[in-house]
Amino acid sequence: MRVADVMTAAPLTTAPNALAGDAAEILRTSSIRHLPVVEGGVLVGMLSDRDVRGLVAPRNLDADGLALLRAQFASPVSELMAGDPVTVHPEMDLSECIDAMREHEVGALPVVEASAGRLAGSVSYVDLLRAFRDTPAATS
């Protein structure tokens, strides 16, 4: 089975100059944990829910704390994202994809076209579990 067989095509994305607060809201409201960062269709980074966990209100929300929080939410995604993320290709075998996820300790990987670096989709551990659950060997 190939990555293309299980990936989520056309995943939600964000831009590197998008506001961190807006990207955090996309993650929250869409119930996703990973957001590819693209510029002109080309993958430039990956933002995860872990990356935005730092956008939290300080314990004492005084004027200084509120100003800090506003600045964090107004910062660009490029300041939080992981640049140069590990990627997989649509034609890659799922075993290689799983090995890459385990080796790099990530729950999702962007899928890019090998020649152009354009984002083709994303593959997460949920996609992999769903694929293996639905294979004939898994149900017998």
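**Salt bridges and a charged patch**

The side chains of Arg33 and Asp49 come together in a salt bridge, with N and O 3.2 Å apart. Arg33 sits in the loop between helix 2 (20–30) and strand 2 (34–39), and Asp49 belongs to helix 3 (residues 49–52), so this pair ties together parts that are 16 residues apart in sequence. Arg33 is partly exposed, at a relative accessible area of 36%, whereas Asp49 is buried, at 17%. It is worth keeping in mind that the structure is a predicted model.

The count of salt bridges comes to 5. Another of these pairs Glu91 with Arg2, whose closest N and O atoms are 2.7 Å apart. Because Glu91 lies in the loop between strand 4 (82–83) and helix 5 while Arg2 lies in the segment before helix 1 (3–6), the contact ties together parts that are 89 residues apart in sequence. Glu91 is exposed, with 56% relative accessible area, and Arg2 is partly exposed at 30%. Arg2 and Glu91 also belong, together with Asp5, to a network of salt bridges.

A salt bridge within a single helix joins Asp127 and Arg130, with an N to O distance of 3.3 Å. Both residues lie in helix 6 (residues 125–134), where 3 residues, about one turn of the helix, separate them. Asp127 is buried, with a relative accessible area of 7%, while Arg130 is partly exposed at 40%.

Turning to the surface, Asp93, Glu96, Asp99 and Glu103 form a negative patch. Asp99 is part of helix 5 (residues 94–104) and counts as partly exposed, at 45% relative accessibility.

Methods:
Residues are numbered from 1 along each chain as its sequence is written. This is a predicted model: local features need pLDDT of at least 70, side-chain atom pairs count only at pLDDT 80 or more; totals for chains, interfaces and linings use all residues. Side-chain values use heavy atoms; hydrogens and water are left out. Patches are made of residues with over 30% relative accessible area and no salt bridge: like charges are joined within 9 Å, nonpolar side chains (Val, Leu, Ile, Met, Phe, Trp, Tyr) within 5 Å. Accessible areas come from the Shrake-Rupley method with a 1.4 Å probe; for residues, only the protein chains shown count as cover. A salt bridge is a side-chain nitrogen of Lys or Arg within 4 Å of a carboxyl oxygen of Asp or Glu. Lys and Arg count as positive and Asp and Glu as negative; His and the chain ends are not counted. The place of a charge is taken as NZ of Lys, CZ of Arg, CG of Asp or CD of Glu. Helices (H or I, at least four residues) and strands (E, at least two) are DSSP runs, numbered from the N terminus. Buried means under 20% relative accessible area, exposed over 50%, partly exposed in between (1.4 Å probe, protein chains only).
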